[in-house]
Amino acid sequence: MSGIDPNYPPATGTSASLPSAPPRAVVGEDYELAQRLAQLPPYARSLLRIEVPVVVTLATTRQPVSRVLDLAPGTILHLGKACDDRLTLSVASCDVAVGETVKVGDKFGLRLTSMVMPSEKFEPVKPRAASRSPKITSEDLQRMA
């Protein structure tokens, strides 16, 4: 969330919750995000503090158990993925984005290039079983009236 504290602004009634001055050095889109977060009820803001596992998958492979048992320091696993292929970002075991590797100082990072749309899940609509109740005709309705 680009450095925005989900707890910002503090509880209502304090001067920091007024929209007149941006917090710290928050400007532009960050300020708008902070304003939207401020409008959320406290329980919703508390949900934003939940930590979830975020995983970037370099590649996956399948190996027989015998090969896994032979793994040792120095073993090289050959992956069927090129160095410049896109990487997948998963949050809580759900793929949410893909991106490319970037070097940030002496570390690696992931620049998101696109978001992954969730798979749509359709379930077939099953017809209702024929009801066994007798059908009401217009003559029956007239008699009831």
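# Exercises on a predicted model

The structure holds one salt bridge. The model used in these exercises is predicted.

## Exercise 1

Identify the two residues of the salt bridge, and state why the pair ties together separate parts of the chain.

Solution.

Step 1. A salt bridge requires a side-chain nitrogen of Lys or Arg within 4 Å of a carboxyl oxygen of Asp or Glu. Glu100 and Arg111 form such a pair, with 3.1 Å between the closest N and O atoms.

Step 2. Glu100 belongs to strand S3 (residues 94-104) and Arg111 to strand S4 (residues 107-115), so the bridge ties together parts that are eleven residues apart in sequence.

Step 3. Next comes the exposure of the two partners. Glu100 has 34% relative accessibility and counts as partly exposed. Arg111, at 47%, counts as partly exposed.

## Exercise 2

Describe how S3 and S4 pair, and find the residue with a positive phi in their hairpin.

Solution.

Step 1. The pairing of S3 with S4 is antiparallel and runs over eight bridges.

Step 2. Take two residues and look up their bridge partners in S4. Lys107 is the partner of Val104, and Phe108 is the partner of Lys103.

Step 3. The hairpin has two residues between the strands, and Gly105 in this hairpin takes a positive phi near 65°.

## Exercise 3

Give the strand order of the sheet and determine which strands stand at the edges.

Solution.

Step 1. The protein has four helices and four strands. Along the sequence they follow the pattern α-α-β-α-β-β-β-α.

Step 2. The four strands form an open sheet in the order S1-S2-S3-S4, with antiparallel pairing.

Step 3. S1 (54-57) and S4 are the edge strands; each has a single partner strand, so one side of each is left without a neighbour in the sheet.

Step 4. Ignoring direction, neighbouring strands of this sheet are turned by 40° against each other on average.

## Exercise 4

Decide whether Val98 is buried or exposed, and list its contacts beyond its neighbours within four places in sequence.

Solution.

Step 1. Val98 lies in strand S3.

Step 2. The cut-off for buried is under 20% relative accessible area. Val98 has 13% relative accessibility and therefore counts as buried.

Step 3. With neighbours within four places set aside, Val98 is in contact with Arg86, Leu87, Thr88, Arg111, Leu112, Thr113, Ser114 and Val116. Arg111 in this list is also the salt-bridge partner of Glu100.

Step 4. A C-alpha distance can be added: Val98 and Thr57 are 41 residues apart along the chain, and their C-alpha atoms are separated by 9.6 Å.

## Exercise 5

Sort residues of helix H1 into buried and exposed, and locate the buried ones around the axis.

Solution.

Step 1. In helix H1 (residues 29-38), the buried residues are Tyr31, Ala34, Gln35 and Leu37.

Step 2. These residues cover an arc of only 160° around the axis, which puts them on the same side of H1. The general background is that an α-helix has 3.6 residues a turn, so residues three or four places apart point the same way.

Step 3. The exposed residues Glu29, Glu32 and Arg36 are on the face of H1 turned away from its buried side.

Step 4. Helix H2 (42-47) is included in what covers the buried residues of H1.

## Exercise 6

State what share of the protein is buried and what surface area the protein exposes.

Solution.

Step 1. Of the 145 residues in the protein, 13% are buried.

Step 2. The protein exposes about 12600 Å², of which carbon and sulfur atoms supply 58%.

Step 3. For contacts in the protein with a separation of 6 or more, residues 24 or more positions apart account for 35%.

Definitions and conventions: Residues are numbered from 1 along each chain as its sequence is written. This is a predicted model: local features need pLDDT of at least 70, side-chain atom pairs count only at pLDDT 80 or more; totals for chains, interfaces and linings use all residues. Side-chain values use heavy atoms; hydrogens and water are left out. Buried means under 20% relative accessible area, exposed over 50%, partly exposed in between (1.4 Å probe, protein chains only). Two strands pair if DSSP finds at least two bridges between them. Axes are lines fitted to C-alpha atoms, for helices over the stretch in contact, and angles run from 0 to 180 degrees between N-to-C directions. Contact means heavy atoms within 4.5 Å. Accessible areas come from the Shrake-Rupley method with a 1.4 Å probe; for residues, only the protein chains shown count as cover. The arc is that of the directions from the helix axis to the C-beta atoms.
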